[in-house]
Amino acid sequence: PLSYRGGSTSIETTTVTGTPSLLRAINERTVLECVRRIGPISRAQLARETALSKPTVSQALAGLQEAGLVREAGRSKGGKGPTAILYQLNPRAGWVVGIDVGRNWVRAAIADVTGAFVARRDERAKVRSAETLISQIGEIAHGLASDAGIKWRQVTVAAVGSPGVVHPGREEVELAHSLPGWGRQGLVALVHRELGTKTIFENDVNLAALGERSHGLGRDVDEFVYLHIGTGVGLGIVVHGELYRGAGGAAGEVGYLPLWGTDVRAPESRTRGALDRAASAGGVVEAAKRAGMTGPLTGERVFAAASKGDRVAKKVVAQEADRIAMTIAAVAAVLDPALVILGGGMGANPELLEPVRERVRVLSPFRPAIEVSELREEATLYGSVSMALQAAHARLFDRSATA
């Protein structure tokens with residue numbers, strides 16, 4: 001023990017020595033993370049990257065190999081001197097499933113523990129009721145396991161993304177207006193029962209932001225937002241490289257921002273959100289009808305007409321660009337992101353990019369980069385797999401550490 005005494009202040013610190021098993025577990029986890037991040041990698045490189053001694057690295061690798069988490073991946077090539085054995089994650093050490101539940105589609109994929117997709121399914125969403133949709137999710141998930149040649153019990157973690165506010169630590173989802181019955185009490189528990197307790201539930205736009213962080217335009221950006229404009233309006237927020245959810249899981253629910261020119265006191269604005277009602281695909285269709293467009297309309301058809309020079313459609317698209325730009329201006333003043341990624345069926349439309357950029361320059365002194373998502377409708381699926389992988393790596397290591 002060390003102590004310092006001066007005046008009336010007495011401070012004592014105690015040096016705590018870790019047990020051999022704890023130190024071994026810490027070293028193994030350090031080596032495993034390095035293999036996951038860089039591999040294939042040699043022992044010597046692992047020692048340099050982790051600042052651990054070569055004997056300690058060798059001991060950690062032996063433990064990880066015995067647990068089935070790491071395997072040899074051939075030998076190094078080129079350079080002077082003898083070649084070295086390379087190590088990588090064992091792809092079959094674990095499996096993850098990511099599921100994107102939307103109004104129109106259920107997209108799902110199964111990946112090995114390295115993140116490589118092994119099988120993929122996309123089906124039209126059966127949204128007649130929460131029960132039919134949950135049953136469909138279960139059938140797709142178990143079908144993916146079969147496609148990968150494994151049993152469902154071998155899946156380490158499944159992550160499900162859906163519209164709505166997912167309250168941390170609570171078995172409920174709120175404000176999922178696009179999915180009938182999806183806000184019922186105990187919904188998350190029903191999904192857990194269908195897929196098992198190894199299931200993570202998360203907001204779909206939050207997962208889209210994680211997808212951009214892992215595979216899209218946000219790969220090298222620590223402060224960015226993903227603005228989704230589709231059947232609904234939402235914002236995924238990444239701060240210091242991590243997803244920001246807020247105190248109750250509602251961070252990014254920008255669909256509830258007041259919108260100039262609308263009655264913010266109207267019941268619809270409180271239950272659905274003024275911006276959501278105006279800027280979503282349904283809002284674009286309503287604006288087109290009010291402007292005089294006829295026939296069966298969808299947001300996609302309005303944009304297609306605008307690209308062909310339809311004067312009325314171009315006016316509707318310009319109005320949509322204004323609303324998106326106002327949203328970005330408000331977000332930029334609060335969060336100061338380096339990058340705004342536009343996604344969703346409406347938001348990722350190339351017709352909007354330059355008008356939005358130009359309008360933001362007029363509205364705001366802040367200048368975040370504004371780009372259209374490269375992942376498009378795949379962002380939430382990639383994010384769900386990414387979140388499942390993070391949880392799977394921790395679970396697999398904990399399993400091996402206690403074996």
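These legends go with close-up views of a predicted model.

**View A. Helix α4 and the elements it packs against.**
Here we zoom in on α4, which covers residues 130-147 and has 18 residues. From its first C-alpha to its last, α4 reaches 25 Å, close to the 26 Å expected at 1.5 Å a residue. A good part of the view is about what is hidden: the buried residues of α4 are A130, L133, I134, Q136, I137, G138, I140, A141, G143, L144 and A145. Residues three or four places apart in an α-helix point the same way, because there are 3.6 residues a turn. The buried residues of α4 pack against three strands, β6 (95-101), β7 (105-112) and β8 (117-124), and against helix α5 (187-195). Look just after α4 and you'll find G149, where phi is positive at about 80 degrees.

**View B. Strand β7 with β6 and β8.**
This one follows β7 and the two strands it bridges to. Seven of the eight residues of β7 are buried, so the rest of the structure largely encloses this strand. β6 and β7 run antiparallel and are joined by seven bridges. To get your bearings, find I110 in β7, the bridge partner of V97. The hairpin that joins β6 to β7 goes through three residues.
On to β8: seven bridges join β7 to β8, and these strands run antiparallel. A handy landmark is A111, which stands opposite F117 in β8. The hairpin of β7 and β8 has four residues between the strands, and in that hairpin G115 takes a positive phi near 95 degrees.

**View C. The aromatic pair.**
How many aromatic pairs does the structure hold? Just one. The pair is made by F117 and Y382, and it is stacked, with 5.3 Å centre to centre and 25 degrees between the planes. F117 sits in strand β8 and Y382 in helix α14 (residues 379-401), so the pair ties together parts that are 265 residues apart in sequence. Is either ring's residue tucked away? F117 is partly exposed, at 31% relative accessible area, and Y382 is partly exposed too, at 24%.

**View D. The cavity.**
Searching the whole structure for cavities of 30 Å³ or more turns up one. The largest cavity has a volume of about 40 Å³. Its lining consists of N203, V205, N206, G234, L235, G249, A251, G252 and E253. Two elements, α6 (204-215) and β14 (233-239), give two or more residues each to that lining.

**View E. G234 and its contacts.**
Staying with one of the residues that line the largest cavity, G234, we find it in strand β14. G234 counts as buried, at 6% relative accessibility. V205 is 29 residues away from G234 in sequence, yet the two are 6.3 Å apart in space, C-alpha to C-alpha. Leaving aside neighbours within four places in sequence, G234 is in contact with V205, Y226, L227, H228, G252 and V254.

**View F. The largest pocket.**
The volume of the largest pocket is about 1,100 Å³. Of the 42 residues that line it, R103, H228, G230, T231 and G232 are the closest to its centre. Which elements each supply at least two residues of the lining? They are β7, α6, β13 (224-229), β14, α9 (281-290), α10 (299-307), α12 (344-347) and α14.

**View G. The open sheet of β3, β5 and β4.**
Three strands make up this open sheet, in the order β3-β5-β4 with antiparallel pairing. At the edges stand β3 (41-42) and β4 (70-75), each with a single partner strand, so one side of each has no neighbour in the sheet. Four bridges join β4 to β5 (residues 85-89). For a reference point, E72 stands opposite Y87 in β5. In a regular strand, side chains alternate between the two faces of the sheet.

**View H. G246 in its loop.**
Last stop: the loop between β15 (242-244) and α7 (267-271), where G246 has its place. G246 is partly exposed, with a relative accessible area of 26%. In sequence, G246 and H167 are 79 residues apart, while C-alpha to C-alpha they are 9.9 Å apart in space.

Technical notes. Residues numbered from 1 in each chain as written. Predicted model: local features only at pLDDT ≥ 70, side-chain atom pairs only at ≥ 80, totals over all residues. Heavy atoms only, no water. Expected span 1.5 Å × (residues − 1). Buried < 20%, exposed > 50% of the residue type's maximum accessible area, 1.4 Å probe, protein only. Contact = heavy atoms within 4.5 Å. Pairing = 2+ DSSP bridges. Phe/Tyr/Trp six-rings, centres within 6.5 Å; stacked < 30°, edge-to-face > 60°. 1 Å grid on protein atoms, 1.4 Å probe; cavity = no way out; pocket = protein on both sides within 12 Å on 5 of 7 lines; lining within 4 Å. Points joined across faces, edges and corners; volume = space filled by probe spheres on them.
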